[in-house]
Amino acid sequence: MRMNTKSAGTFILAATLGDCVHVAGILNFLRLAEAQGYRTHFMGTRTSTDELVEAALESDPDIIALSFRLSPEVAEGLLNDLADALREAGLEDKRLVFGGTAPVCRVAQQSGLFERVFDGASSVDEILAFLGAEAGEDVDIRPPQDLIERIKARAPHPIIRHHYGRPSLDETVSGIAHIAESGLVDVISIGPDQNAQAAFFRPDEQDPRQDGAGGVPVRTPGDLSRLYDATRRGNHPLLRCYSGTQDVERFAGVLLETIRNAWAAVPLFWYNILDGRGPREVEVSIAESRDLMRWHGERGVPVEVNEAHHWSLRDAPDVVAVVAAYLAALNARDAGVQDYIAQLMFNTPPGTSFAMDVAKMRAKLDLIETLERPGFRVWRQVRTGLFSFPADPDMARGQLAYSTVAQMAMRPHIVHVVSYTEADHAANAEEVVESVKIARQVIRETLFGLPDVFGDARVRERRDSLVADARRLLDAIRALAPQQEDALTDPVVLARAVKLGLLDAPQLRGNPAASGEVQTRMIEGACVAVDPDSGRPIDEATRLQRLIG
């Protein structure tokens, strides 16, 4: 599938036939066509054959799009009449497409009138592929195999990502094939087990008792190639994988060669002694992460920095998460990354309200987007919070739908769907497909239009406050090396900011690389720093004053 270019300005005449008054499907089709540059006109419901022929003779459309969702028996007679009328009017060579229920679509297919027939199971990708094709051209529904081009081809719909990795390599391979055949997921994120992340090239350091812990046990480049081969069906989803915690550039090279890693996921402050996922000091790991960003930037690979949500997962004040998001993007740009994936994890910490969530995410983007320039593009990715799902599966399905609504306020390019099973177990392939269906339906509905949540006074006030406080915190970090223009990209300065508690979270208490002294509470849906004695909120200026005077 490709972006439509040749068809810009092409005219589609549309109508529902006979007594049919169902318009949702055909209007969705026309919206997709308009987004691809088509001109459209919808005649309305209950259109007779004579009215349709008269309009077609008058407007000379390039394509006639018709819909009928009543009984297949009635449809058969209508389509026979339509064929006769088109032939008598000299319109038998017009391109016709049809949409309806599956039984009616079978009748439409058998009539031989239509170039394409779409039923309720037809994917957006199939429709966009048709809209990008010329008359008589074979339609390749395989979407682009490049992340940025796939984003552009799916617009205004975001592309869909889902994490997947089972404790068995064979189960993961078959599951990826099933997900690909569903045609619903654009990017599958491979979750390797801890042995793979930490010791892919060091088999002597692998603990057999941890095989399959946290993900799929890939042990060789051939294992990764098997995962990629499983995607070569259905809608040919892209693959990506998290970076290693040791031998990071070597592992990145293997990922690029075997699975065509769609984009890299690199931490800035993490994957070291700070989170216990590796033995590296914070300063060393920041330097190595920047080198890894540079490595990918030199090869034109997009980069996502797994950063801000790690602070929120540890109950850091919201302002720390906002600053971490900015620092991640700044360091990626400084390292030469051209396409930056800004991840926005919602519902984190638990108890964050809708209004405070979108305010925090908007504050992050307000700062990140100041970094945009030719050669540095920001792509928005949203996801549901890992700890926000109830264990009850029905309630968890509701949480997934609710969170997706909030996420769509950010107009994302990528929606990272998290399975509703997250609180209980890692999703199998069927549960991945089910979760994505829930999210896609929410996305579809929200694309018809959402209220302007950023016009809400509470959201504006919180966003403005977070941006102002974030700038105070950034100034405090710069002040650690006042003679340096590049203080915010210096691993020594950044590690010191963590050690001093400028960047801090309650769950870092006792960590030798951090302060861990900050205390926070959820107050009116926001995570804020509080005075350790009174438990009352303190503003960022006061917190910084207590730390550095």
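Contact here means heavy atoms within 4.5 Å. By this criterion, and not counting residues up to four places away in sequence, Leu327 in the predicted model touches Leu268, Phe269, Leu474, Ile477, Leu488, Leu494 and Leu503. Leu327 also belongs to the largest nonpolar core, which has 66 residues. The residues with the most contacts inside this core are Phe269, Leu274, Met293, Trp311, Leu327, Ile477 and Leu503. Helix H13, spanning residues 318-334, gives the most to this core, contributing 12 residues. A second core, separate from the largest one, comprises 59 residues, including Met356, Val358, Val382 and Val530. In soluble globular proteins, nonpolar side chains tend to be buried together.

Strand S12 (residues 377-383) was examined next. Six of its seven residues are buried, and S12 is therefore largely enclosed by the rest of the structure. Strand S12 pairs with two strands, S11 and S13. With S11 (residues 339-345), the pairing is parallel and extends over seven bridges; Gln343 stands opposite Gln381 of S12. The connection from S11 to S12 passes through helix H14 (residues 354-368), forming a β-α-β crossover that is right-handed.

The pairing of S12 with S13 (residues 414-417) is likewise in the parallel sense, over three bridges. In this pairing, Gln381 stands opposite Ile414 of S13. Gln381 thus has a facing residue in each of the neighbouring pairings, namely Gln343 and Ile414 in S13.

Technical notes
Residues are numbered from 1 along each chain as its sequence is written. This is a predicted model: local features need pLDDT of at least 70, side-chain atom pairs count only at pLDDT 80 or more; totals for chains, interfaces and linings use all residues. Side-chain values use heavy atoms; hydrogens and water are left out. A nonpolar core is a set of buried Ala, Val, Leu, Ile, Met, Phe, Trp, Tyr and Cys residues joined through side-chain atoms within 4.5 Å. Buried means under 20% relative accessible area, exposed over 50%, partly exposed in between (1.4 Å probe, protein chains only). Helices (H or I, at least four residues) and strands (E, at least two) are DSSP runs, numbered from the N terminus. Two strands pair if DSSP finds at least two bridges between them. A crossover is right-handed if, with the strands pointing away from the viewer, the path from the first strand over the helix to the second runs clockwise.
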